Structures are given as C-alpha cells and as structure tokens.
Amino acid sequence: MLRRLSLNDAEEIYQLRSNAEVAALTGKAPFEDIGEAIAYIDKIDNLINKNECIFRAVSRREEPALIGAICLWNFDIPNGTVEIGYELLKGFQGKGIMGEVIVQILKYAFDVMGVETMRLLEKLGFGRAPGHFKNTHINVPGMLTYISSRPK
C-alpha cells in the first residue's frame, strides 16, 4: 500500500534513516535520535505542500506500519525528467516489494506527470545517464545516475 507519510511513522523513519548503509547511499549522516525523524517528516510534508516532491510511505496491506518509502523528486519539468528514490527496512528487502511499488510509481510518473525520463537503477532495465542530467548525488561516492525513457 502507498499512503501519505505521517508523524505516526516517526519510529520507522528513524529506523530507516539511522541505518549506516542507507545513510551512505543518501550522502547524509545517520539519524541519531527520533527528533531528526520528526523533523524529516515535517520537511517532507513541506516539500509535498510546495509540489516539490511526491513521497509515499510503503506498508503491507494487512499492516499499516511503514516498511519503506518511495519518492519522486528533483523535478526538471522543462526537460521532462524526475528522480526516484526509495528505501526499505532491512527485514523487508529481497522480497520483491519495492519492485511492485516502483512499477506503480513509474506508471504514475509517465502517465500522469508526463515525465519522459526517469533516473533510477540499472537492475530494472535502466541505462547509465549521460553527463548532462542534473545529479544531486555528486558528493556520494559510487553513486551513479541511471535513466529510463517513457515506454513507446
């Protein structure tokens, strides 16, 4: 299930964002306390309200607790590109959950938002991006940008 993030998700956001591996991929320091998770939720809420990102909590149908998150952000509307980011609690990784979620988000981005190019991962059939795409991960070692274009 995809739903709007809420302050009820603070503990799970803290679990995600205090993980050193996740932090390394985002280029941010791991969260040190629950207050940082609450501030992050407020920040995301403000970005959503300003139409600067689309962010959804991921939960299982039978349990509303957040198990991960997915977002569309770094909109480059003139060039028809958007970036996708996601994270999943360790205990839910490797089960195909995020693959299902990504398909839904890609459909939304291409069909509703009119995106032409999406930045993401090679393992989902995306190719390496040429250098001209704006990359906000310049200071993250080993971070590469991948793209996919609207299906024909």
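Here are three short exercises, each with a worked solution, on a predicted model.

**Exercise 1.** Find where K95 sits, decide whether K95 is buried or exposed, and work out which backbone oxygen lies 3.3 Å from a polar atom of its side chain.

*Solution.* Start with the location: K95 falls in the loop that runs between strand 4 (81–88) and helix 4 (97–112). Next, take the relative accessible area of K95, which is 56%. The cut-off for exposed is over 50%, so K95 counts as exposed. Last, check the side chain: one of its polar atoms is 3.3 Å from the backbone oxygen of G91. That pair fits the 3.5 Å limit for a polar contact.

**Exercise 2.** Pick out the residues that make a nonpolar surface patch of about 240 Å², then classify I38.

*Solution.* The patch is made by L7, I34 and I38. Now zoom in on I38, which you'll find in helix 3 (residues 34–49). Its relative accessible area comes to 36%. Partly exposed covers the range between under 20% and over 50%, so I38 gets the label partly exposed.

**Exercise 3.** Count the cavities of 30 Å³ or more, and say which helix gives the most to the lining of the largest cavity.

*Solution.* First, the count: there is one cavity of 30 Å³ or more. Then the volume: the largest cavity holds about 30 Å³ of space. Now list the lining, which consists of R17, V22, A23, T26, K28, A29 and F31. Finally, match that list to the helices: helix 2 (residues 20–26) contributes the most, with three residues.

Terms used. Residues numbered from 1 in each chain as written. Predicted model: local features only at pLDDT ≥ 70, side-chain atom pairs only at ≥ 80, totals over all residues. Heavy atoms only, no water. Helix = DSSP H or I, 4+ residues; strand = E, 2+ residues; numbered from the N terminus. Buried < 20%, exposed > 50% of the residue type's maximum accessible area, 1.4 Å probe, protein only. Polar contact = N/O pair within 3.5 Å; in protein donor to acceptor, adjacent residues only side chain to side chain. Patch = residues over 30% accessible without salt bridge, like charges linked within 9 Å, V, L, I, M, F, W, Y side chains within 5 Å. Areas by Shrake-Rupley, 256 points an atom, 1.4 Å probe, with all protein chains shown as cover. Salt bridge = Lys/Arg side-chain N within 4 Å of Asp/Glu carboxyl O. 1 Å grid on protein atoms, 1.4 Å probe; cavity = no way out; pocket = protein on both sides within 12 Å on 5 of 7 lines; lining within 4 Å. Points joined across faces, edges and corners; volume = space filled by probe spheres on them.
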